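Work through the exercises below with the model open beside you. Try each task before reading its solution.

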Amino acid sequence: MDKKDKERFKKILLQKKEEIISKIVEFDSESKEIEPEVAQDLADRADNTYTKEFLLSLSTQERKQLKLIDQALIRIEKCTYGKCEMCGEKISKKRLEAIPWTPYCVRCQEKAEERTEPEPL
Ligand SMILES: [Zn+2]
């Protein structure tokens, strides 16, 4: 993956992250004003209770996605983005365009889905 692609996917991922985080801001706006930057910062340090409350207000799906996005951003920094976390094969660009935060290639994703138990809520 060249630098241009990397930058492009990074942008898409950051946009998606902001989209999810903006829901945290919405959630908070009833109690007090919060800047998007602050929300971003809070989400980045998700170890405090305050943030956890916000994150809990998101659906399981959104929280899962936020985590996957963060992991994908780390992979971009480490230059391992675009490689399957399970088998190490390249993930097709078509797949990355559709799901930029995916850690797995199609084959491994299918295998993982077969194995995965329904998540307890
Ligand atoms: Zn794979």
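Of the 121 residues of the protein, 15% count as buried (20 or more other C-beta atoms within 10 Å of the residue's own; exposed means 12 or fewer, partly exposed in between, with C-beta atoms placed from the backbone). The model is predicted: local features need pLDDT of at least 70, side-chain atom pairs count only at pLDDT 80 or more, and totals for chains, interfaces and linings use all residues. Residue numbers start from 1 along each chain as its sequence is written.

**Exercise 1.** Find how many helices and strands the protein has.

Solution. Start with the rule: helices (H or I, at least four residues) and strands (E, at least two) are DSSP runs, numbered from the N terminus. Now count: six helices and zero strands. Along the sequence the pattern reads α-α-α-α-α-α.

**Exercise 2.** Work out what share of the contacts with a separation of 6 or more joins residues 24 or more positions apart.

Solution. Two residues are in contact if their C-beta atoms, placed from the backbone, lie within 7 Å. Pairs 24 or more positions apart make up 48% of the contacts with a separation of 6 or more. Take Phe9 as a case. Leaving out residues up to four places away in sequence, Phe9 touches Ile76, Tyr81, Leu96 and Pro100.

**Exercise 3.** List the largest nonpolar core and find which helix gives the most to it.

Solution. A nonpolar core is a set of buried Ala, Val, Leu, Ile, Met, Phe, Trp, Tyr and Cys residues joined through C-beta atoms within 7 Å. The largest one has 11 residues: Phe9, Leu13, Leu66, Ile69, Ala72, Tyr81, Ile91, Leu96, Trp101, Tyr104 and Cys105. Helices H1 (3-28) and H4 (60-78) each supply at least two of them. H4 gives the most, with three.

**Exercise 4.** Describe the span and the two faces of H4.

Solution. First, the span. H4 has 19 residues and reaches 27 Å from first C-alpha to last, close to the 27 Å expected at 1.5 Å a residue (1.5 Å times one less than the number of residues). Next, the buried side: Leu66, Ile69 and Ala72. Down the axis of H4, its buried residues fall within an arc of 125°, so they line one face (the arc is that of the directions from the helix axis to the C-beta atoms). Last, the face turned away carries exposed Thr60, Ile74 and Lys78.

**Exercise 5.** Is Cys79 buried or exposed?

Solution. Locate Cys79 in the loop between H4 and helix H5 (93-98). Count its C-beta neighbours: 10 inside 10 Å, so Cys79 is exposed. Then check the backbone. Cys79 has a positive phi of about 65° although it is not a glycine.
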